[in-house]
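Work through the exercises below with the structure open. Try each task before you read its solution.

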Amino acid sequence: MLTPILQTDTGPLLHKAVEEAARLLKAGEIVALPTETVYGLAADAFNPAAVAKVFEAKERPSFDPLIVHLPNKKMLDEVAEVPAEIQPIIQKLVEKMWPGPLTLVLPKKASIPDIVTAGLPSVAVRMSKNAVFRRVAEALGRPIAAPSANRFGSISPTSANAVVAELDGRIPLIVDGGACLCGLESTIIKVEPGSPKPIITILRPGPITPEDLKPYGRVKHASRTVVDEATEAPGQLASHYAPRTPLRLLSSPEDFKPEPGKRYALMSYRGDASDGYVGLADWVHVQILSPGKGKLPEAAVRFFYVLRELDRLGVDEIIAEPMHEHGMGIAMMDKLRRAAVKS
Ligand code: TXA
Ligand code: MG
């Protein structure tokens, strides 16, 4: 391995890792850090040269803006303009949901360099709940721009090992904070005034579900066509989160007839024979997302790990079972559909 990894399991190790990460960030370097969703590739958001290194290491196109992570709630005013009409709902969301996996798209302030937002007049902001991330953000005392720590278009990393597989030798440090507790990238929303309730549009589904957001406003989903116009959430490209192995998402067991001589692996939701998928073929391997009988949060934690493991097998095709399309199942089904699109 070329990139050093610092552990955080004990107090002294954590202290050393936080100090070293903050030192590198202050020096305009980039560092992979754990968050509660997926690992992020962090840079000082106020330093355009540092942010440019993030785009370079990920081979990310410059039109795809980054999420800005705040060290505290107060700093929201320094990076974003909250329009008066939506001030009350934004305040409530920040109070109840931060720190946590909810990203707000708001008009940006001049403090945020254009490279961070890919020239957009808006900025995506959140505050991570991960204890290691928070310590680093507090030590830096500035907002951190951080996309997921994978090569562009590839599977998001939910462990330090997965970051190594994506970026080894391309970045100066990985901080290992263990497996990510949510496992899916943050929910991204924008808020507009509406009567009687403000309108919340989900630009990217994630761990904060439509039910979680319902008490705050009328929840809408951005349509495929809107996001694909590359104006709303430019990273939500039709083909994304793609394993190298072709992936097919089934809607029912009848959809699949194995071709002789081909090698298949199954991404099973519950691993339950009665669902009708496990017996469909002589699978090279079966990975179960939720052995706990169809629990969506459990499936979410394992989702990117399982996808990565199946991709390593070198089979001809990964076959994915559908899962319940509510709660966190909405985000996973969205990702499976994007993974299944041939670029
Ligand atoms: O959980 C997460 O959000 C993780 C962790 C590291 O925080 N980050 C993450 O970043 O998933 P990334 O770069 O992989 O995805 C960010 C998404 C992209 O789809 C991008 O287009 C969208 O956020 N985005 C960023 N700024 C935006 C803006 N101003 N308007 C709309 N979408 C924006
Ligand atoms: Mg990403």
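The exercises go from the overall fold to the domain interface, and the model is a predicted one.

**Exercise 1. Describe the chain as a whole.**

Solution.
- Start with secondary structure: the protein chain has 11 helices and 15 strands.
- Then test compactness. The radius of gyration is 20 Å, and the globule rule gives 20 Å for 343 residues, so the protein chain is as compact as a globular protein of that length.
- Add the extents: the C-alpha trace spans about 60 × 55 × 35 Å along its principal axes.

**Exercise 2. Locate the domains and find how far apart their centres are.**

Solution.
- Domain 1 takes in 5–72 + 114–176, and domain 2 covers 247–341.
- Using C-alpha atoms, the centres of domain 1 and domain 2 are 30 Å apart.

**Exercise 3. Which three residues supply 76% of the area that domain 1 buries against domain 2?**

Solution.
- Count the contacts: 8 residues of domain 1 meet 5 residues of domain 2.
- Take the area: the two domains bury about 530 Å² between them, with 61% of it on carbon and sulfur atoms.
- Now assign the share of domain 1. Ile155, Ser156 and Thr158 supply the 76%, more than any other three residues.

**Exercise 4. Characterise the polar and charged links between the domains.**

Solution.
- Look for salt bridges: there is 1 between domain 1 and domain 2.
- Check the pair Arg308 and Glu166: their closest N and O atoms lie 3.2 Å apart, within the 4 Å cut-off for a salt bridge.
- Count polar contacts: 2 residue pairs qualify across the interface.
- Finish with composition. The side of domain 1 that touches domain 2 has 5 nonpolar, 2 polar and 1 charged residues.

How values were computed
Residues numbered from 1 in each chain as written. Chains lettered and ligands numbered in written order. Predicted model: local features only at pLDDT ≥ 70, side-chain atom pairs only at ≥ 80, totals over all residues. Heavy atoms only, no water. Domains from an automatic or database assignment. Contact = heavy atoms within 4.5 Å. Buried area = accessible area lost by both parts, 1.4 Å probe. Salt bridge = Lys/Arg side-chain N within 4 Å of Asp/Glu carboxyl O. Polar contact = N/O pair within 3.5 Å; in protein donor to acceptor, adjacent residues only side chain to side chain. Nonpolar A, V, L, I, M, F, W, Y, C, P; charged D, E, K, R; others polar. Helix = DSSP H or I, 4+ residues; strand = E, 2+ residues; numbered from the N terminus. Rg over C-alpha atoms; globule rule 2.2 N^0.38 Å.
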